[in-house]
Amino acid sequence: MSSPALSRRNFLTAAGRAALLTPVAYLVAAESATPPAGPTSDGTTQTFVPPAALGPLGYRPVITPNGLTLPWKLIDGVKVFHLIAEPVTHEFSPGLVAECWGYNGRIHGPTLEAVEGDRVRIYVTNRLAAPTTVHWHGVLLPSGMDGVGGVSQKAIQPGETFKYEFTLRQHGTLMYHSHHDEMTQMQLGMMGLFIIHPKKPASPPPDRDYAIMLSEWKIEVGARRPDPNEMTDFNVFTMNGRSFPGTQALIAKKGERVRIRIGNLSTMSHHAIHLHGFQFKVVATDGGDIPPSAQWPEITVHMPTGSTRTIEFIADEPGDWVLHCHMLHHVMTQMGHKFGNLIGIDTDGLNKKFRPLVPGFMTMGATGMGDMGEMGMASPANSLPMVGGPGQYDYITMGGMFTILKVRAELPADGSEPGWYESPPGTLASPAPEADLRRDGIAFPAATAQAEARARARSGLAPELCAPAPLLAANGSPLKTTARIKTAIN
Ligand SMILES: [Cu+2]
């Protein structure tokens, strides 16, 4: 039977070398009851997925975490969809609910999924109080179906239903969004993903095919309505309309090939989406597939607004791996911005003065923002703490555009999300044992010295604030500079 000689890790490179062979071979596989397994041009063995494994759809459906795919019906060979533009009460994460505009009761709209070559008919009913249109972002189609209000069509008035119909000429990760009063309607959530599977796949489908849409919002603390007039100061950053810890984890079994399609329709921001634990390749943009020879290895993918990128990798290392925007204000939420810089300031006096006026008053930020969520400070009504949520070991100091990829050797049989990863013995960072420090000649501030240093840092304007805490040798005596340098060199 099939040989595992081609490791999944090798697949991408092998696919690249066999670029000319693979499409043909895969087509043969798709029409053959027994999938062929044979040597490729680089001598490794390629295993193909039989079409039956893909189910009656002929493709492996995409998974939209926190979202869903819009059901369709087949009428006289045409796939018929119905999108309903309407107000939606949406929860961004437990604690923050806002009145948005979306489709079919969802933020963002449901994912549309079809196959290259399909004829699609998409009805759009407008249940908003304002006119709207839908633009099929990146889809090749006749100009009159492009959905730009005023340019390619009349706007859909409240209560009207318009019909869009076209044949899908391409495959890829595309999007849809309102193209009428864009600033208002898109900042209120009117967007979704449009996935078109290839008719003749050039490679076997991935084991997991995820789709994530990025967007940004301005929601004043306590407000129930996102502010669509905001131009620069966004304070809620989402993946599929959710902020961590409201984001649903991605899961994969060890060794699986994982595809993540990412689309960005943020009003103003690009995002730098960073995956821990793996090197991936950007295999496609919304402009088409990238030839294997041109695929670029990455650990962070730049996501310009108005674009999609598709990444693939082999999930060969078990663990809990974070996937997040590396623009660090985008992993904060509503209250993470516009603070005076209090780092190193002693705020105890201020607290004492304010507490008679405001019971429980506590000035925040003297040691940074990391303990904000953990302090259990009550958030104002309808708002999120500025950072994430409880983790396995500590409070997670990231929120917003942040999720977790959970890779396990075995997944729960019921398909549910596994709990936190249990690191095997010897593979978890932990406090250094003193015996190790002595053996390796590592100088460290003793606990008392650390406490003193912290007290100095909090004492406000003391000149010592600028001086580093003294380094102590393992026996507790201060290290001389020469000794410190020597220690560093050794
Ligand atoms: Cu970002």
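In the predicted model, strands β22 (residues 319-325) and β23 are joined by six bridges and run antiparallel to each other. Within this pairing, V322 is matched with I404 of β23. Strand β23 also pairs with β14 (residues 250-253), here in the parallel sense and over four bridges; I251 has K406 of β23 as its bridge partner. Strand β23 itself spans residues 402-408, and six of its seven residues are buried, so the strand is largely enclosed by the rest of the structure.

The strands described above belong to a chain whose secondary structure consists of seven helices and 23 strands. Of the 490 residues in the chain, 35% are buried. Among contacts with a sequence separation of 6 or more, 71% are formed by residues 24 or more positions apart.

The largest nonpolar core comprises 75 residues, and within this core F194 and I212 touch the most other members. The element that gives the most to this core is strand β12 (residues 208-217), with a contribution of six residues. The surroundings of F194 were examined further, with neighbours within four places in sequence left aside. On that basis, F194 is in contact with L112, W136 and V139, and also with L174, M175 and Y176.

Methods: Residues are numbered from 1 along each chain as its sequence is written. This is a predicted model: local features need pLDDT of at least 70, side-chain atom pairs count only at pLDDT 80 or more; totals for chains, interfaces and linings use all residues. Helices (H or I, at least four residues) and strands (E, at least two) are DSSP runs, numbered from the N terminus. A residue is buried if 20 or more other C-beta atoms lie within 10 Å of its own, exposed if 12 or fewer, and partly exposed in between; C-beta atoms are placed from the backbone. Two residues are in contact if their C-beta atoms, placed from the backbone, lie within 7 Å. Two strands pair if DSSP finds at least two bridges between them. A nonpolar core is a set of buried Ala, Val, Leu, Ile, Met, Phe, Trp, Tyr and Cys residues joined through C-beta atoms within 7 Å.
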